[in-house]
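Dear colleague,

I am passing on the structure we spoke of, with some notes on what came out of going through it. Please have it open while you read.

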Amino acid sequence: AQRRLVKILVSTPEIEYGVFRPVAEVMAGSIIRELKRIGGMELLDPRDAEKRLAENGVKEMISSRELALEAGKILGADIVIYSTLRKSYDDFLYTITFLEVDRNVIQRRLKGKFRVSSSPAEIGRFMKEETEKLVRYVPLPSELDDFGSVIREETVDPERLPPESMIDDLPERGMYGY
């Protein structure tokens, strides 16, 4: 039997100007590389995803929760990681958002910055640190189907209830009041 893996879409960061596209692609590529290195999840191909989104009339650069939900449903993704990238003087300011599509829950939003003069290797190191923060929120496939399974304690199987039960060691009626 084939195991079901969690499907994750990492979109290219939404940018103000087209000249920042290489920086945005380095960010997205670094996040994808780290998720692949960690493993245990299925990552959707960004180029393929952008084509399918364009065919359905959705922007390729996702910057809002509504677009992320729509893209996740179109592509069949369980999780969408979308981000924004803005230039402010000598820094690039970014936000990275981790969204569970089925439950419409933002698990984590990270904000940070790096210098305009940062090399791709430095940007990759920043994204490696951010990805480590996001990975602990990636649910197991069983948690996607039933998100309360981790905290729920099942003491009795509801399908096979016992015919009777006996409670022992009850205190006397007047001991703690009615």
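To begin with a single residue, Ser 30 has a relative accessibility of 4% and therefore counts as buried, since the cut-off for that class is under 20%. Please bear in mind that this is a predicted model, and that the values below are computed from it.

Ser 30 belongs to helix H1, and, leaving aside residues up to four places away in sequence, Ser 30 touches Gly 124 and Met 127. Those two partners are part of a broader contact, in which H1 (residues 21-38) packs against helix H4 (residues 120-135) at an angle of about 50°, the two axes being 8 Å apart. With that angle, H1 is oblique to H4, and the crossing of H1 past H4 is right-handed. On the H1 side the residues in contact include Val 23, Met 27, Ser 30, Ile 31 and Leu 35, while H4 contributes, among them, Pro 120, Ile 123, Gly 124, Met 127 and Thr 131. Sorted by class, this contact of H1 with H4 holds ten nonpolar, three polar and four charged residues.

As for H1 itself, its 18 residues reach 26 Å from the first C-alpha to the last, which is close to the 26 Å expected at 1.5 Å a residue. The buried residues of H1 include Arg 21, Ala 24, Ala 28, Ile 32 and Glu 34. Just after H1 comes Gly 39, whose phi is positive, at about 80°.

Two residues elsewhere deserve a look for their backbone angles. Most residues other than glycine have a negative phi. Tyr 89, however, which sits in the loop between strands S4 and S5 (91-100), has a positive phi near 55°, and with a relative accessible area of 74% Tyr 89 is exposed. Asn 104, in the loop between S5 and strand S6 (105-115), likewise has a positive phi near 55°, but Asn 104 is partly exposed, its relative accessible area being 35%.

One last place to check is Gly 76, in the loop that runs between helix H3 (65-75) and strand S4 (79-88). At 34% relative accessibility, Gly 76 counts as partly exposed. Its C-alpha atom is separated by 9.3 Å from that of Leu 9, although Gly 76 and Leu 9 are 67 residues apart along the chain.

With best wishes

Technical notes
Residues numbered from 1 in each chain as written. Predicted model: local features only at pLDDT ≥ 70, side-chain atom pairs only at ≥ 80, totals over all residues. Heavy atoms only, no water. Axes fitted to C-alpha atoms, helices over the stretch in contact; angles between N-to-C directions. Helix = DSSP H or I, 4+ residues; strand = E, 2+ residues; numbered from the N terminus. Parallel < 35°, antiparallel > 145°, perpendicular 65-115°, else oblique. Left-handed = near helix turned anticlockwise from the far one by under 90°. Contact = heavy atoms within 4.5 Å. Nonpolar A, V, L, I, M, F, W, Y, C, P; charged D, E, K, R; others polar. Expected span 1.5 Å × (residues − 1). Buried < 20%, exposed > 50% of the residue type's maximum accessible area, 1.4 Å probe, protein only.
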